[in-house]
Amino acid sequence: MPTAGWWEALWPDPASFLAKVGVKPSMEIIDLCSGDGWFTLQIAKVAREVIAIDIDPSLLEVARQGLTEGAMTNCKYVAVARLCPHPVDFVFLANAFHGVPDRPRFAKSVAAILKPGGLFAIVNWHQRPREETTILGEPRGPKCKLRLSPEHTVMAVHAGGLKLTQLVEIPPYQYGAVFERQAV
């Protein structure tokens with residue numbers, strides 16, 4: 001996980017970014033691959049409810065502590081490799097899609113837990129050399145060969161049955177791709 005201050009340096013205004021990708025106060029949102037809960041906390045400040053899902057229970061405990069310290073009470077924590085058992089409004093995935101081995105299958109699984117009209121937002125690193133994507137003086141992000149272009153992300157998620165609604169630039173090094181589950 002990144003060092004202290006890293007997320008804040010990369011995203012100094014998370015509320016603005018979350019609004020750009022469609023997070024609204026009335027939503028129930030899954031923070032998929034939530035890790036230490038940095039985004040979970042930011043989402044909890046805006047959304048009605050957040051479900052933090054990660055396969056690492058120790059990271060979920062770090063997230064739980066951070067949200068407790070932040071006085072957030074609208075979050076559930078799930079330490080499983082399967083997704084939520086009921087439909088939600090929004091699924092948020094930051095800095096993890098590059099590591100998914102079968103991206104269309106993954107997108108199809110996300111689509112299955114979205115309500116009709118629900119959104120899936122993916123944050124990815126642009127395809128730039130890692131040496132050019134420094135945060136607090138250190139190269140950050142996945143290896144360049146793992147980074148996906150917006151076009152590759154869109155193709156993979158579209159193959160899973162979701163429709164692109166917008167691409168959002170996230171300065172200085174990332175982009176957000178927002179997809180929608182079409183109403184039946």
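Here is a short walk through a predicted model, stop by stop.

**Stop 1: the main core.** Select W11, F17, V21, I29, F39, F90 and F92. These have the most contacts inside the largest nonpolar core, which has 35 residues. Now add helix α3, residues 38-44: with 5 residues, α3 gives the most to this core.

Stay in the core and centre on V21. Leaving aside residues up to four places away in sequence, what does V21 touch? Show F90, L119, A121, Q166, V168 and V178, and you have its partners. Then switch to C84, A96, F97 and I122, which are among the 27 residues of a second, separate core.

**Stop 2: helix α4.** Select residues 57-69. If you like a quick ruler check, the 13 residues at 1.5 Å each should span 18 Å, and the end C-alpha atoms are indeed 18 Å apart. Colour L59, L60, A63 and L67, which are buried. Look down the axis of α4: the buried residues fall within an arc of 100 degrees, so they line one face of the helix. That spacing fits a simple rule: an α-helix has 3.6 residues a turn, so residues three or four places apart point the same way.

Swing round to the other side of α4 and you meet P57, T68 and E69, all exposed. To see what the buried residues of α4 pack against, bring up α3, β2 (49-53) and β3 (75-78). Just past the helix, click on A71, which follows α4 and has a positive phi, near 60 degrees.

**Stop 3: helix α5.** Select residues 103-113. At the start of α5, zoom in on D102: one of its side-chain oxygens comes to within 3.2 Å of the backbone nitrogen of R105. Next, highlight F106, A107, V110, A111 and I113, the buried residues here. They sit on the same side of α5, because they cover an arc of only 165 degrees around the axis.

Which residues are exposed on the other side of α5? Pick R105, K108 and A112. For the cover over the buried residues, turn on β1 (28-32), β4 (88-94), β5 (114-125) and α6 (150-159), which are among the elements there.

**Stop 4: two cysteines.** Finish with C33 and C75. Are they buried or exposed? C33 has 38% relative accessibility, so C33 counts as partly exposed. C75, at 13%, counts as buried. Don't go hunting for disulfides, though: a search of the whole structure finds 0.

Conventions
Residues are numbered from 1 along each chain as its sequence is written. This is a predicted model: local features need pLDDT of at least 70, side-chain atom pairs count only at pLDDT 80 or more; totals for chains, interfaces and linings use all residues. Side-chain values use heavy atoms; hydrogens and water are left out. A nonpolar core is a set of buried Ala, Val, Leu, Ile, Met, Phe, Trp, Tyr and Cys residues joined through side-chain atoms within 4.5 Å. Buried means under 20% relative accessible area, exposed over 50%, partly exposed in between (1.4 Å probe, protein chains only). Helices (H or I, at least four residues) and strands (E, at least two) are DSSP runs, numbered from the N terminus. Contact means heavy atoms within 4.5 Å. The arc is that of the directions from the helix axis to the C-beta atoms. A polar contact is a pair of N or O atoms within 3.5 Å; within protein, one must be able to donate a hydrogen and the other to accept it, and residues adjacent in sequence count only if both atoms are side-chain atoms. A disulfide is a pair of cysteine sulfur atoms within 2.5 Å. The expected span of a helix is 1.5 Å times one less than its number of residues.
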